[in-house]
Amino acid sequence: GMKVIIMGFELADGPVEQHLVFVDGKNRPVNRDPEPAPAPAGEGKVILTCYSDGGSRGNPGNSAYGIVIVKDSKTVFEDSQYLGKHTNNFAEYNGLIAAMKKAIELGADEAEFVMDSELVIKQMKGIYKVSSADMKPLHRQAVDLSSLIPVVRYRNVRRSQELIPRADELVNITLDAHGRS
């Protein structure tokens, strides 16, 4: 509860002036103005759903990732990058990392990362070990980036679900642009 203490300040020229100071239970001064009503849960928070997909034609072969980021049921960002000749898992991890970097840039308080790669999702949840030497630095980078987002979830879906088809389409547009080279 709130209590009032009276503090006296000695002034050089005579009488003591009194000041009322309101303090909380830990004797910290508090403002007397009424507290604003707390915002409803979730309001003002940046909550993102981040879809990522990676693909490689040849595995290893020409590879790319696609990402789609959704806030308040609206797509707020899409991107796809060509990665060169790499494996499918390399592309999947690079998609996740790109989605994480964008989520951080967008100031995410909560982010859910949705992928059709069961392997990457289970590695990020710590269910599967990362045995591939090539994947260890990518996994470590993803873990480090995830620590910069207060609340993180991972979800594995089928390739046909939600916005994974759009992320996959972005991958294919990018790979088509790089032809067979």
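**Entry 1: elements.** I counted 4 helices and 7 strands in the chain. The model is predicted. I then read the order from the N terminus: β-β-β-β-β-α-β-α-α-β-α.

**Entry 2: the sheet.** I traced an open sheet of 5 strands. Its strand order is 5-4-3-6-7, and the pairing is mixed. Which strands lie at the edges? I found strand 5 (74-86) and strand 7 (151-156) there, each pairing on one side only. I looked up the twist as well: neighbouring strands of this sheet are turned by 20° against each other on average, with direction ignored.

**Entry 3: strands 6 and 7.** I went to strand 6, residues 110-115, and asked in what sense it pairs with strand 7. The pairing is parallel and runs over 6 bridges. Within strand 7, I noted Arg153, which stands opposite Glu112.

**Entry 4: helix 1.** I looked up what helix 1 (residues 88-105) lies across. The list is strand 3 (47-57), strand 4 (61-71), strand 5, strand 6 and strand 7. Against strand 3, helix 1 runs at about 155°.

**Entry 5: Val120.** I picked Val120, which has its place in helix 2 (residues 118-124). Is Val120 buried or exposed? Its relative accessibility is 0%, so I put Val120 down as buried; the cut-off for buried is under 20%. Next I checked what Val120 touches, leaving aside neighbours within four places in sequence. Its contacts are Glu92, Tyr93, Leu96 and Met115. Helix 1 spans residues 88-105, and I placed Glu92, Tyr93 and Leu96 in that range. Met115 falls in strand 6, residues 110-115. I also took one distance: Val120 and Val130 lie 9.1 Å apart, C-alpha to C-alpha, with their positions 10 residues apart in sequence.

**Entry 6: rings.** I searched for aromatic pairs and the structure holds 1. I then looked for a charge over a ring. The charged end of Lys102 sits over the ring of Phe77, 4.2 Å from the ring centre. By residue number, Lys102 belongs to helix 1 (88-105), and Phe77 to strand 5 (74-86).

**Entry 7: whole chain.** I closed with the totals. Of the 181 residues in the chain, 38% are buried. The chain exposes about 10900 Å². Carbon and sulfur atoms supply 52% of that area. I also looked up the reach of the contacts. Among those between residues at least 6 apart in sequence, 61% join residues at least 24 apart.

Definitions and conventions:
Residues numbered from 1 in each chain as written. Predicted model: local features only at pLDDT ≥ 70, side-chain atom pairs only at ≥ 80, totals over all residues. Heavy atoms only, no water. Helix = DSSP H or I, 4+ residues; strand = E, 2+ residues; numbered from the N terminus. Buried < 20%, exposed > 50% of the residue type's maximum accessible area, 1.4 Å probe, protein only. Contact = heavy atoms within 4.5 Å. Areas by Shrake-Rupley, 256 points an atom, 1.4 Å probe, with all protein chains shown as cover. Phe/Tyr/Trp six-rings, centres within 6.5 Å; stacked < 30°, edge-to-face > 60°. Lys NZ or Arg CZ within 6 Å of the ring centre and 35° of its normal. Pairing = 2+ DSSP bridges. Axes fitted to C-alpha atoms, helices over the stretch in contact; angles between N-to-C directions.
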